[in-house]
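Dear colleague,

I am handing over a structure that I would like you to look through when you have the time. The sequence and the coordinates come first, and my notes on what was found follow below them.

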Amino acid sequence: MATLEGEQQSCLAFCPKCGAFLMEAVSTSSSMPCPECGEPLVISVKNSKVSVFEDKRFKADADQERVARLKAYYSVKNRCKN
Ligand SMILES: [Zn+2]
């Protein structure tokens, strides 16, 4: 196996919430849920620097979905009462 020029070191990414190991990469930009706590995360590795942050967009979608489900639930409940 040939070694990479410039000796790029792979970086380790960990969940900022629970500290679980997420992945090892030299360069990446991907989103995945944390295997431990399920937090939707965006992992970015660039120039030997790791950034891990919450996938806000994913979270907003999940919240909207939950609100929609709650609304449906309550409308059914109200219908049963009357
Ligand atoms: Zn986690």
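**Strands, core and two residues**

Strands β3 and β4 run antiparallel and are joined by six bridges. Please keep in mind while reading that this is a predicted model. One residue pair that you can look up directly is P33, whose bridge partner in β4 is P40.

The two strands belong to an open sheet of three strands, which follow one another in the order β3-β4-β5 with antiparallel pairing. The edges are formed by β3 and by β5 (49-54), each of which pairs on one side only. From one strand to the next, the twist averages 15°.

Turning to the core, the largest nonpolar one consists of five residues, namely A13, L22, L41, I43 and V45, and its largest share, three residues, is supplied by strand β4 (residues 40-46). As a general background, nonpolar side chains in soluble globular proteins tend to be buried together. For V45, the contacts beyond four places in sequence are with C11, A13, A25, V26, S27, T28 and V50, and A13 is itself listed in that largest core.

T28, which appears among the contacts of V45, lies in strand β3 (residues 28-33). Is T28 buried or exposed, or does it fall in between? With 15 other C-beta atoms within 10 Å, T28 is partly exposed, because a residue counts as buried only at 20 or more such atoms and as exposed at 12 or fewer. Once its neighbours within four places in sequence are left aside, T28 is in contact with I43 and V45, and both of these partners are members of the largest nonpolar core. T28 also has S44 at a C-alpha to C-alpha separation of 5.5 Å, although the two are 16 residues apart in sequence.

The other residue I looked at is V42, which is placed in strand β4. V42 is partly exposed, since 16 other C-beta atoms lie within 10 Å of its own, a count that falls between the limits of 12 and 20. Not counting residues up to four places away in sequence, V42 touches S31, F53 and D55. For one of these, F53, the C-alpha atom is separated from that of V42 by 5.4 Å, with the two residues standing 11 apart along the chain.

With best regards

Note on methods:
Residues are numbered from 1 along each chain as its sequence is written. This is a predicted model: local features need pLDDT of at least 70, side-chain atom pairs count only at pLDDT 80 or more; totals for chains, interfaces and linings use all residues. Helices (H or I, at least four residues) and strands (E, at least two) are DSSP runs, numbered from the N terminus. Two residues are in contact if their C-beta atoms, placed from the backbone, lie within 7 Å. A nonpolar core is a set of buried Ala, Val, Leu, Ile, Met, Phe, Trp, Tyr and Cys residues joined through C-beta atoms within 7 Å. Two strands pair if DSSP finds at least two bridges between them. Axes are lines fitted to C-alpha atoms, for helices over the stretch in contact, and angles run from 0 to 180 degrees between N-to-C directions.
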